[in-house]
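Here are a few exercises to work through with the model on your screen. Try each task yourself before you read its solution.

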Amino acid sequence: MAVSRVSEEELKEQRFFIQRVRAVTHLLGHQPLAYTHSYGCQQNVSDGEKIDGMLAEMGFGFTDSPENADLVLYNTCAVRENAENRVFGNVGALKHFKEKNPGMVVAVCGCMVQQEHIAQRMKQRFPFVDLIFGTHVQHRFPELLYGIYEKGERTVCIPDIDGVVAEGIPVRRSESFKASVPIMYGCNNFCTFCIVPKVRGRERSREPSEVISEVGKLVSDGYKEILLLGQNVNSYGKDKGISFPELLKGLDKFEGEYYVEFMTSHPKDCSHELIDVIADSRHISHHLHLPVQSGSDRILKLMNRHYDTAKYLELVEYAKSRIPDLQLTTDIIVGFPGETYEDFQMTLELMNRVGFDSAYTFIYSRREGTKAAEMDDPVPAEEKGRWFRELLEVQGSLGERAYERYVGTTMRVLCTGRGRTDETLLTGRSRQNIIVDFAGDDELCGRFVDVKITKALPWALKGELL
């Protein structure tokens, strides 16, 4: 598989544009302020940190209010319709700010506008948006922004390519002890409900040496939680002659106390080897996010998932046997086109059989350009809503029962901030990636502590600091 890597010459050119933008904004007489917001998945958040990194090098400071900004940028998500509607609403609200401050630059980027019909809608509906660019030209942001300042013309840059790998992009991390590290981009699976392959391109892996070097530096710099990102991390390295489990072994060798988490893991490529590496590791999280999507083999086939429930249950059984304290989470779609109530009941049966610790559940969202969008979808939204509420009741009960097994145990927890269940408490995550709330002082943030678990909730634990 050929991977288009951004050349050093191209990156040098972008560094040149960074300096040109600095020179332009210097003429404002004050430090320009940027307001940026990323919607959607962790990959988008990671992309947003790179955008912020480039902005910082271009001389921008940052503000929490678009009203006070010299540049507003929305990094968008295309996975569900609700996310797109929020973007349209928030972009529309900028018109008033732009009228008050005509020099404000408004930019929209990311997965949503990588779709040509959305980009054109954005261009026509919001004439005050200055810059629209897709996922494959993020590294060219300094060049595109300089063009806005230099020419004063609207720019739309949505190239129809399979994507690139750009190393060396500056990153402005939002936290001092938690970091996300993309290890691959794109997806080859073409699930019939998912637009990701069309907006992110085909799978392409980063060089293992560069991933290992980046994680090693993060550990030495004091980062305690490192999240590896990819649309399907189990496919990592197929274009590099290395497997994802082999990469994890390399990332487990650093000294110090840290966790390595990863998402998302596709069941069709999940292996016993991966589970064994997790079980035998010192630092890999005992959390496996394994999206099942449906408990009906007929629906799984319509979804183009390339596994059946028997394979999924075998993986779960093996994982639980090798990692007794495993936290198993999943994604489930309710109301996929053609799904019947009998199919939905099979999903509930699978949930009860597996006993997921938690589940990310969604009502099917039609995505233009996917095969599922062309399928008959006769079940009304009201009926899907009833199914969805039934599923939430089942998972709520399962989650609380699953977490009850930790009551009375002591867990090693990375403290991350104020409590999720109570603001008077601190919160953290265990090696199983379970939320744990407990009483303590703010100085514990960013440190590992031992907590005795005293109470189970459907989605979190409470405990006492030891």
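**Exercise 1. Find how many disulfides the whole structure holds, and work out why Cys109 and Cys187 form no such bond.**

Start with the idea: a disulfide is a covalent bond between the sulfur atoms of two cysteines. In practice, you look for a pair of cysteine sulfur atoms within 2.5 Å. Searching the whole structure that way turns up 0 disulfides.

Next, check Cys109. Its closest cysteine sulfur belongs to Cys111 and sits 9.3 Å away, so that's too far for a bond. Cys109 is buried too, at 2% relative accessible area. (Buried means under 20% relative accessible area, exposed over 50%, and partly exposed in between, using a 1.4 Å probe and protein chains only.)

Now do Cys187. The closest cysteine sulfur, in Cys191, is 6.3 Å off, again too far for a bond. With 9% relative accessibility, Cys187 also counts as buried.

A word on the ground rules: this is a predicted model, where local features need pLDDT of at least 70, side-chain atom pairs count only at pLDDT 80 or more, and totals for chains, interfaces and linings use all residues. Residues are numbered from 1 along each chain as its sequence is written, and side-chain values use heavy atoms, leaving out hydrogens and water.

**Exercise 2. Describe where Gln327 sits and which residues it touches.**

First, place it: Gln327 lies in strand E13, residues 327-334. (Strands are DSSP runs of E with at least two residues, helices are runs of H or I with at least four, and both are numbered from the N terminus.)

Then check its cover: Gln327 is buried, at 2% relative accessibility.

Finally, list its contacts (heavy atoms within 4.5 Å). Skipping residues up to four places away in sequence, Gln327 touches, among others, His286, Asp357, Tyr403 and Asn433. Asn433 is 106 residues from Gln327 along the chain, yet their C-alpha atoms are 7.4 Å apart.

**Exercise 3. Trace the closed barrel and say how E15 and E18 run.**

Follow the strands in order: E15-E16-E17-E19-E18 make a closed barrel of 5 strands with mixed pairing. (Two strands pair if DSSP finds at least two bridges between them.)

Now look at E15 (residues 410-418) and E18 (residues 448-456): 5 bridges join them, and they run antiparallel. For a landmark, find Leu414, which stands opposite Phe448 in E18.

**Exercise 4. Count the helices and strands, and find what share of the chain is buried.**

The count gives 15 helices and 19 strands. Of the 466 residues, 55% count as buried.
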